[in-house]
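Here are some short exercises for you to try with the model open in your viewer. Have a go at each task before reading its solution.

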Amino acid sequence: MNAARPIAVAVDGSPASNAPLAEALRLAQAGNRPLIGIFVLDTGWVDYIGNDWQSAAGARQGFLDYIRDQLETQAEAARAQFAAATRDHPAAHFTVIPGDPLETLCELMARGEAETLIAGREAFQVCGRPSVKTLARDLAQRVPSLRIV
């Protein structure tokens, strides 16, 4: 007997995640499939702001601490958003994964942890680096089973 493969959905806790989350839940319920909500805790900020530590180490660390706090707050908002939307779906779980959003989601799909990935056009833009603005487009080029909602 083959188990139903999960559906994964990128959730960032913002209103931009509502439509992708609703579509993922609809598909999971229709197919009696597990649903995985994913928030990627973007670890790329360290490289993004560079390493000018000799002239502004305190400011750099202060900024990174601020971003980390913002990302953790957004992760909790995403967890609450996912829990509220999926409370009637017994096979739903949420996970926070540290890493680069594009690479993390591509690796998850390459490992076969989900059959379908659903993401919004503005996924992770609420707290992401400027490079995340093209996440949906970049995912579409690398994840054949992606559905952009």
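**Exercise 1: two helices side by side**

Helix 4 and helix 5 are roughly parallel to each other. In this predicted model, work out which angle and which residues lie behind that description of helix 4 and helix 5.

*Solution.*
- Step 1: Take the two axes. Those of helix 4 and helix 5 cross at roughly 30° and come within 10 Å.
- Step 2: Apply the cut-off. Angles under 35 degrees count as roughly parallel, and therefore helix 4 and helix 5 get that label.
- Step 3: Add the handedness. The crossing of helix 4 and helix 5 is right-handed.
- Step 4: List who meets whom. From helix 4 come Pro-101, Leu-102, Glu-103, Leu-105 and Cys-106, and they meet Leu-135, Asp-138, Leu-139 and Arg-142 of helix 5.
- Step 5: Sort the residues by character. In this contact of helix 4 with helix 5, 6 are nonpolar, 3 are charged and none is polar.

**Exercise 2: the sheet beneath**

Find the order in which the 5 strands form the sheet, then place helix 4 on the strands it lies across.

*Solution.*
- Step 1: Read the order. The open sheet runs 3-2-1-4-5, with parallel pairing.
- Step 2: Find the edges. Strand 3 (92-99) and strand 5 (146-148) each pair on one side only, which makes them the edge strands.
- Step 3: Note the twist, which averages 25° from one strand to the next.
- Step 4: Lay helix 4 (residues 101-110) on top. Helix 4 lies across strand 1 (7-10), strand 2, strand 3 and strand 4 (116-119), and runs at about 150° to strand 2.
- Step 5: Do likewise for helix 5 (residues 135-142). Helix 5 packs on the sheet, touches strand 4 and strand 5, and makes about 150° with the direction of strand 5.

**Exercise 3: following Phe-39**

Which residue is the bridge partner of Phe-39 in strand 3, and why is the ring pair of Phe-39 and Phe-124 called edge-to-face?

*Solution.*
- Step 1: Start with the strands. Strand 2 (residues 35-42) runs parallel to strand 3, and 8 bridges join them.
- Step 2: Pick out one bridge. Phe-39 has Val-96 as its partner in strand 3.
- Step 3: Turn to the rings. The structure has 3 aromatic pairs. In the pair of Phe-39 and Phe-124, the ring centres are 5.6 Å apart and the planes stand at 85°, so the pair is edge-to-face.
- Step 4: Locate both partners. Phe-39 sits in strand 2 and Phe-124 in the loop between strand 4 and helix 5, so placed that the pair links distant parts of the chain, 85 residues apart.

Technical notes: Residues are numbered from 1 along each chain as its sequence is written. This is a predicted model: local features need pLDDT of at least 70, side-chain atom pairs count only at pLDDT 80 or more; totals for chains, interfaces and linings use all residues. Side-chain values use heavy atoms; hydrogens and water are left out. Two strands pair if DSSP finds at least two bridges between them. Helices (H or I, at least four residues) and strands (E, at least two) are DSSP runs, numbered from the N terminus. Axes are lines fitted to C-alpha atoms, for helices over the stretch in contact, and angles run from 0 to 180 degrees between N-to-C directions. Contact means heavy atoms within 4.5 Å. Angles under 35 degrees count as roughly parallel, over 145 as roughly antiparallel, 65 to 115 as roughly perpendicular and the rest as oblique. A crossing is left-handed if the near helix is turned anticlockwise from the far one by less than a right angle, and right-handed if clockwise. Ala, Val, Leu, Ile, Met, Phe, Trp, Tyr, Cys and Pro count as nonpolar, Asp, Glu, Lys and Arg as charged, and the others, Gly among them, as polar. Rings of Phe, Tyr and Trp (its six-membered ring) pair if their centres lie within 6.5 Å; planes under 30 degrees apart count as stacked, over 60 as edge-to-face and the rest as tilted.
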